[in-house]
Amino acid sequence: WLRSKTLATTGGAGMDNLQLVSAQVVFRHGARTPIHPWRPELFQVGENAVSWADLVPAEEEHSTRIPVNIHKVTRGSRSSISSAGSEETVPLRWGRSTWFYSKLSPKHPSGELTELGFQQAVELGKELRERYIIRNGLVSEVYSPSGVYVRTSNYNRTKQTAQGVLTGMFGAHKPAEDVVFHTVPWAEEVLVGNSRICNTYRQLFNHAEVSMHGELVAKERSMVIDKLNIPADKVQFVYLRDVLVGRQAHGLPLPPQVTPELFDAIDAAAAKSFHDGFHGDQRIAGMHVSCGVMLNTVLKNLKSDEDDQPRLYLYSMHDSLISPLVAAVGAEDGKWPSFCSHVSFELYQCQADREKRYVKVAYNDKDVTLDGCSSVFCPLKEFEAHMQQFAIDAGQYKKLCSDSLYKKPESTAAQKAATYL
């Protein structure tokens, strides 16, 4: 079963009879509650207001979820690179006792996966089942940790999203072998942009926040001030978008003054702010600290010749990783990544000449042709050459994160801005 089915492709001369030999899928978590209940007075809409807490599954266990264990490795340092620390494996739990709460509102579940978000993850898992189990035979219909490697950030929403994806792929019953997800404490996480441990990342997005007070989004800022009666120094596009998109996704009413035009303006302004962090005057550094270690991991997996390596790698992460990954592969559309957005990296091997290997990249199931590649099937060496400019290892990440790229910003609002996930 572990020999995947041969694909007949239309990639041009010499591209027939390619075999899919491995795949890596990096995805954003499903729909969740807002990080903060930003400007709650704007959202007291409707007679029967729904509490966000009512949308988050409260039960500890459920028969419609595949049972999962979380294997967490703590290395004992803030760099995620140093000497051994400790390891633990515990069941993945749901329920109110596991929730994070907003510092602005102690009763608000902050960034918790909703039932809708879990179902979105299940649907993504069904898509992956169709592609990698049924159509291509990359992995077995029966879950095995030797065939499927799962890595998540240490947040409830990413772990639970990965559980939904595995449920969609393999069903909700307990498999013969335990389902294991791998993670590290957030204070040691380097696969995704992390302001807690990376000064450079924090500086880049503080700098982007300062730019939001200039001409970049002046029109959008004026619209928000006028329509929502928010003081100029209180306009936070990212937080405002977070609440609006969350309500829209869950079918909750929006304030009547939030017209479709205003909604689109807020959405666009938030995306500009977010993207400026890795598209500004320090673009390469921004890409390095946003997705560099993830890309380095992708390249290592693609080049590995170990016989016992997994055939499918799943990474359950955040929009703060998806956005720069999309920029790195040239698929950026200027929009914020939606819930469960995903980037896939597939490795193919030529049956006639096994030394010839190709990488195919897709964003939300749309194939991407990288710069310098004549086809969506990019020779592995060309793919590596293109991505190497953005990829860094954990040691380089640690060094870069200790650098100072800018002088201390004058805007106190920017200094206080939290990195958004």
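## Helix α5, an enclosed helix

Of the 13 residues of α5, 11 are buried, so this helix is largely enclosed by the rest of the structure. The model is a predicted one. The buried residues run F237, V238, Y239, L240, R241, D242, V243, L244, V245, G246 and R247. Charged side chains are on that list, including R241, D242 and R247. The cover over these buried residues includes α4 and α6.

Helix α5 spans residues 237-249. From first C-alpha to last, α5 reaches 18 Å, close to the 18 Å expected at 1.5 Å a residue. After the helix comes G251, with a positive phi near 70°.

## The overall fold

The protein has 11 helices and 11 strands. It has 421 residues, and 55% of them count as buried. How many of the contacts join residues far apart in sequence, at least 24 places? Among contacts between residues at least 6 apart, the share is 76%.

## α4 against α6

Two helices that help cover α5 also pack on each other: α4 (residues 218-228) and α6 (residues 260-276). Their axes lie 9 Å apart, at an angle of about 135°. Angles over 145 degrees would count as roughly antiparallel; α4 and α6 are therefore oblique to each other. The crossing is left-handed.

Which residues meet in this contact? From α4 come E220, M223, V224, K227 and L228. From α6 come E261, L262, A265, I266, A269 and K272. By class, the contact has seven nonpolar and four charged residues, with no polar ones.

Several of these positions are spaced in a helical rhythm. An α-helix has 3.6 residues a turn, so residues three or four places apart point the same way. In α4, E220, M223 and K227 are among the residues that meet α6. In α6, L262, A265 and A269 are among those that meet α4.

## The length and burial of α6

Helix α6 has 17 residues, which should span 24 Å at 1.5 Å a residue. Its end C-alpha atoms are 24 Å apart, which agrees.

The buried residues of α6 are L262, F263, A265, I266, A269, A270, A271, S273, F274 and H275. Some of them also meet α4: L262, A265, I266 and A269 are in that contact.

## α7 against α8

A second helix pair is α7 (residues 283-303) with α8 (residues 319-328). Their axes are 9 Å apart and the angle is about 110°. That makes α7 roughly perpendicular to α8.

On the α7 side, the contact uses R283, M287, S290, C291, M294 and L295. On the α8 side, it uses S320, L321, P324, L325, A327 and A328. By class there are nine nonpolar, two polar and one charged residues.

## Buried points in strands and a loop

T152 lies in strand β5 (residues 148-152). Is T152 buried or exposed? T152 is buried, because its relative accessible area is 0%, under the 20% cut-off. Beyond its sequence neighbours up to four places away, T152 touches T158, K159, A162, F181, H182, T183, E189, S316 and M317.

E346 sits in strand β8 (residues 342-350). E346 counts as buried because its relative accessibility is 1%. Its contacts, leaving out residues up to four places away, are L20, S22, A23, R131, Y132, Y358, V359 and K360. E346 and L20 are 326 residues apart along the chain, with their C-alpha atoms separated by 7.1 Å.

G193 belongs to the loop between β6 (180-183) and α3 (199-211). At 0% relative accessibility, G193 is buried. Its C-alpha atom is separated by 9.1 Å from that of G292, 99 residues away along the chain.

## Positive phi outside glycine

Most residues other than glycine have a negative phi. N229 has a positive phi of about 55° although it is not a glycine. N229 is placed in the loop between α4 and α5. Its relative accessible area is 66%, so N229 is exposed.

D365 is another non-glycine residue with a positive phi, here about 75°. D365 lies in the loop between β9 (357-363) and β10 (366-368). With 53% relative accessibility, D365 counts as exposed.

Definitions and conventions: Residues are numbered from 1 along each chain as its sequence is written. This is a predicted model: local features need pLDDT of at least 70, side-chain atom pairs count only at pLDDT 80 or more; totals for chains, interfaces and linings use all residues. Side-chain values use heavy atoms; hydrogens and water are left out. Helices (H or I, at least four residues) and strands (E, at least two) are DSSP runs, numbered from the N terminus. Buried means under 20% relative accessible area, exposed over 50%, partly exposed in between (1.4 Å probe, protein chains only). Contact means heavy atoms within 4.5 Å. Axes are lines fitted to C-alpha atoms, for helices over the stretch in contact, and angles run from 0 to 180 degrees between N-to-C directions. Angles under 35 degrees count as roughly parallel, over 145 as roughly antiparallel, 65 to 115 as roughly perpendicular and the rest as oblique. A crossing is left-handed if the near helix is turned anticlockwise from the far one by less than a right angle, and right-handed if clockwise. Ala, Val, Leu, Ile, Met, Phe, Trp, Tyr, Cys and Pro count as nonpolar, Asp, Glu, Lys and Arg as charged, and the others, Gly among them, as polar. The expected span of a helix is 1.5 Å times one less than its number of residues.
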